[in-house]
Amino acid sequence: MTARLRVAVLFGGRSGEHAVSLVSAASVAAGLRPSHDVLCVLIDKAGRWLLQEGGEPRPSGGEPVFLAPVPGDGGRLRRFADAHELAHPDVFFPVLHGPYGEDGTVQGLFELAAVPYVGAGVAASAVSMDKAMMKALFARAGLPQVEHRVLVRRDGRSEARCLEELGLPVFVKPANLGSSVAVAKVKSEAELGPALDVAFAYDRKVIVEKGVPAREIEVAILGNEAPEASVPGEIRPDREFYDYDSKYSPESRTELVIPAPLDPGPTEEARRLGVAAFQAVDAAGFARVDFFLDKETGRFLVNEINTIPGFTSISMYPKLWEASGLAYPELLARLVLLGRERHAARARLRTDYGS
């Protein structure tokens, strides 16, 4: 009989997406429990790691622990007070959205500790979190995108030039945040300043994107060296655009249409572009790629890639794979396996140089 793997689910985090992470983690832990031993590790808003009893994530409480950034400790979770070993996970599963979790920081700790973990590595996580860098890599790979500008400070001249070059409407968003936090649709020149103030409160870089009349299409990607794309799905927001409340409010009437009503040609094009975006940032494990399908030209425009997408039971990523024939528990087991496979491949690389 194969031993059950111990999976440490990390959730919470210091970003503005802390609450979203709690919901995702509850679903992930529930999906893993039938075939894995689940360890729940809450990262609170102060950045403390708290090991919780039982296999169900909670929004607070737990024993303060740490992961030593040295390979020789084997990835043990040790009590913060006296370094006593409390748990020894086989693999770490970060369910952390936004900065300090999805941006390569936690992944860097995993690499220093030489432990298996689910999802993209340091570089792919960092560039995918930073929309300015992500878009630069997409452009280098020749992927079609919405026209955009990057601002690094409030500058009236640059802001006026953005509107002159992009026209109205535009979308304003922090470069390093997800879940539509602090995203605004700007329809007049007077609205630009307040939208930028909100976005700059969350990040030092802000993206200003040209607004296009479009359908919102998404695909889920799974794999390491040979990634595969799910069937596409379509988001039909219950308001002007797919904002935070449209995604997460209990009152939301947003529709997730799976599979998306697309002809075979566009369906395959979305899947092809999804894999190409995944490879452009050198992602691993899993990601969700979001597109705009321009209503006027019929052309797909790559919007962004999310290396730790929402993972609630009603989130687009697992639902897309369910519609593609991979049930939620099997999807989670596959992600754990992919993380361990990637770790084993990296462990075979040489770290010395000499005869």
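Two strands pair if DSSP finds at least two bridges between them. Keep that in mind for the exercises below, which work through a predicted model.

**Exercise 1. Work out how strand 1 and strand 7 fit into their sheet, and what packs on them.**

Step 1: start with the pair itself. Strand 1 (residues 6-12) and strand 7 run in the parallel sense and share 5 bridges, which clears the cut-off of at least two. For a handle on the register, look at V7: its bridge partner in strand 7 is V91.

Step 2: zoom out to the sheet. It's an open one with 7 strands in the order 6-5-4-3-2-1-7, and the pairing is mixed. Strand 6 and strand 7 are the edges, each pairing on one side only. From one strand to the next, the twist averages 40°.

Step 3: add the helices. Helix 1 (residues 18-32) lies across strand 1, strand 2 (37-43) and strand 7, and runs at about 160° to strand 1. Helix 10 also packs on the sheet, where it touches strand 1 and strand 7. Its direction makes about 120° with that of strand 7.

**Exercise 2. Decide how helix 9 and helix 10 are oriented to each other, and say which residues make the contact.**

Step 1: get the geometry. The axes of helix 9 (residues 316-323) and helix 10 (residues 328-347) come within 9 Å and cross at roughly 110°.

Step 2: classify the angle. The window for roughly perpendicular is 65 to 115 degrees, so helix 9 and helix 10 are roughly perpendicular to each other.

Step 3: list the residues. Helix 9 brings Y317, P318 and W321, which meet Y328, L331 and L335 of helix 10. Sorted by class, that contact has 6 nonpolar residues, no polar and no charged ones.

**Exercise 3. Check the length of helix 8, then find its buried residues and what they pack against.**

Step 1: do the length check. Helix 8 has 17 residues, so at 1.5 Å a residue it should span 24 Å. The C-alpha atoms at its ends are 24 Å apart, which agrees.

Step 2: pick out the buried residues. They are T267, A270, L273, G274, V275, A277 and F278. As for the spacing in such a list, an α-helix has 3.6 residues a turn, so residues three or four places apart point the same way.

Step 3: find the partners. The buried residues of helix 8 pack against helix 4 (131-140). They also pack against strands, namely strand 12 (214-223), strand 13 (228-229), strand 16 (285-294) and strand 17 (300-306).

Step 4: look just past the helix. D282 follows helix 8 and has a positive phi, near 60°.

**Exercise 4. Is P227 buried or exposed, and which residues does it touch?**

Step 1: place it. P227 sits in the loop between strand 12 and strand 13.

Step 2: apply the cut-off. Buried means under 20% relative accessible area, and P227 is at 11%, so it counts as buried.

Step 3: look around it. Leaving out residues up to four places away in sequence, P227 touches I221, L222, V275, F278 and Q279. Of these, V275 and F278 are among the buried residues of helix 8. There's also a C-alpha distance of 9.3 Å between P227 and A283, although 56 residues separate them in sequence.

**Exercise 5. Track down some backbone oddities in the loops: where are the cis peptide bonds and the positive phi values?**

Step 1: take the cis bonds. The bond from L168 to P169 is cis, with omega near 0°. P169 belongs to the loop between helix 5 (156-166) and strand 9 (170-174). The bond from I258 to P259 is cis too, with omega near -5°. P259 is in the loop between strand 15 (255-257) and helix 8 (264-280).

Step 2: turn to phi. A83 isn't a glycine, yet its phi is positive, near 65°. You'll find A83 in the loop between strand 5 (77-79) and strand 6 (85-87). Y100 also has a positive phi near 65°, and lies in the loop between strand 7 (91-95) and helix 2 (105-113).

Step 3: check exposure. A83 has a relative accessible area of 33% and is partly exposed. Y100, at 40%, is partly exposed as well.

Terms used. Residues numbered from 1 in each chain as written. Predicted model: local features only at pLDDT ≥ 70, side-chain atom pairs only at ≥ 80, totals over all residues. Heavy atoms only, no water. Helix = DSSP H or I, 4+ residues; strand = E, 2+ residues; numbered from the N terminus. Buried < 20%, exposed > 50% of the residue type's maximum accessible area, 1.4 Å probe, protein only. Axes fitted to C-alpha atoms, helices over the stretch in contact; angles between N-to-C directions. Parallel < 35°, antiparallel > 145°, perpendicular 65-115°, else oblique. Contact = heavy atoms within 4.5 Å. Nonpolar A, V, L, I, M, F, W, Y, C, P; charged D, E, K, R; others polar. Expected span 1.5 Å × (residues − 1).
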